Amino acid sequence: MDNPIEEYLQLVTLVREHVVEQLEFGLSEIEIKESEPQTKLADVDLATLDADAKSCTKCGLHEGRTNVVFGVGNPNAELMFVGEAPGADEDLQGEPFVGRAGKLLTKIIEDGMKLKRDDVYIANVLKCRPPGNRNPVPDEVETCSPYLIRQIELIKPKVMVALGSFAAKTLLNTTTNISALRGQLHPFTLSDNFEKPPRVMPTYHPAYLLRNPNAKRDVWEDIKIVLEYLSTD
Ligand code: SF4
């Protein structure tokens, strides 16, 4: 409808019909719900978000953590890597991807992509280590993902590499398997806060590559697509 007055009048008519209907059903009071308050994370900068996460006790994972692993790298990075959750080394050092899998990721970034680790931004979906490196549970992801989403909004990467099935499914809000997702860029749709939504490249997790070196070829194919996209305007 192009005419705003007509649109308004139609809205008033709909509200009136709804009220009449409610009264016919014997309701004498109409409950007016206030809209949900915006999450306070929506307005914070990266340093405040980091500090907030470091004192977070919103899910049970805070009980077993040594450190909150928020993320590292260039806050204006065009390229961001997102993994699943901190492991033992990351929990101890408070930095993502510093164990064996992390060293392989650094190799991919520095030897393969010819970038510096400091040029990119690296984070995980979960900021605290699940005990015994178990898989995150849906409640934990739901509680923690506002940190990641705000992080992405603030960094505004051009492209994100989702490392492993868990990160890919979370960033793309899908249950599709990583083998079907990888090999192409997907739009990031979990936030409207972008002029141009970042692209997501799902690929295998470096820890998977340590167990399955043959998959390195696929990862390299994915990385080449990312490099090509980064070189475009
Ligand atoms: S995992 Fe996330 S939501 Fe849970 S305590 Fe850590 S920072 Fe908070």
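This passage describes the fold, the core and the ligand surroundings of a single chain.

The structure is a predicted model, and its chain holds nine helices and six strands. Of the 233 residues in the chain, 32% are buried. Among the contacts between residues at least 6 apart in sequence, 69% join residues at least 24 apart.

The six strands form an open sheet with mixed pairing, in the order β1-β3-β2-β4-β6-β5. The edges of this sheet are taken by β1 (72-73) and β5 (186-187), each of which pairs on one side only. Further in, β2 and β3 pair in the parallel sense over four bridges, and one residue of this region, Val82, has Ala123 in β3 as its bridge partner. On the way to the next strand of the order, β2 is joined to β4 by four bridges, and these two strands again run parallel; here Phe81 stands opposite Val161 in β4. Five bridges then join β4 to β6, also in the parallel sense, with Met160 having Val200 in β6 as its bridge partner. The strand β4 is itself mostly covered, since four of its five residues are buried. In a regular strand, the side chains alternate between the two faces of the sheet.

Two helices can be placed against this sheet. Helix α6 (residues 165-172) lies across β2, β4, β5 and β6, and runs at about 135° to β4, whereas helix α9 (residues 216-230) lies across β2, β4 and β6, and runs at about 165° to β6. Helix α6 is mostly covered, with six of its eight residues buried, namely Ser165, Phe166, Ala167, Ala168, Thr170 and Leu171. The cover over these buried residues includes the strands β2 (79-83), β4 (159-163) and β6 (199-203), together with the helices α5 and α7 (178-181). After α6 comes Asn173, which has a positive phi, near 50°.

The largest nonpolar core comprises 43 residues, and within it Met80, Val82 and Ala162 have the most contacts. Two or more residues are given to this core by each of α2 (46-54), β2, α4 (100-112), β3 (121-124), α5, β4, α6 and β6, and the largest share, five residues, comes from α5. The surroundings of Ala162 illustrate how strand and helix residues meet: when residues up to four places away in sequence are not counted, Ala162 touches Val82, Ala167, Ala168, Leu171, Val200, Met201 and Pro202. Among these neighbours, Ala167, Ala168 and Leu171 belong to the buried residues of α6, while Val82 is, like Ala162, one of the core residues with the most contacts, and Val200 is the bridge partner of Met160.

The ligand is surrounded by 14 residues, of which Cys56, Cys59, His62, Cys128 and Cys144 are the closest. By class, this shell contains eight nonpolar, three polar and three charged residues. Its largest share, three residues, comes from helix α5 (residues 138-155). Helix α5 therefore recurs in several parts of this description: the largest share of the nonpolar core comes from α5, and α5 is also among the elements that cover the buried residues of α6.

Conventions
Residues are numbered from 1 along each chain as its sequence is written. This is a predicted model: local features need pLDDT of at least 70, side-chain atom pairs count only at pLDDT 80 or more; totals for chains, interfaces and linings use all residues. A residue is near a molecule or strand if its C-beta atom, placed from the backbone, lies within 6 Å of it. Ala, Val, Leu, Ile, Met, Phe, Trp, Tyr, Cys and Pro count as nonpolar, Asp, Glu, Lys and Arg as charged, and the others, Gly among them, as polar. A residue is buried if 20 or more other C-beta atoms lie within 10 Å of its own, exposed if 12 or fewer, and partly exposed in between; C-beta atoms are placed from the backbone. Two residues are in contact if their C-beta atoms, placed from the backbone, lie within 7 Å. A nonpolar core is a set of buried Ala, Val, Leu, Ile, Met, Phe, Trp, Tyr and Cys residues joined through C-beta atoms within 7 Å. Two strands pair if DSSP finds at least two bridges between them. Axes are lines fitted to C-alpha atoms, for helices over the stretch in contact, and angles run from 0 to 180 degrees between N-to-C directions.
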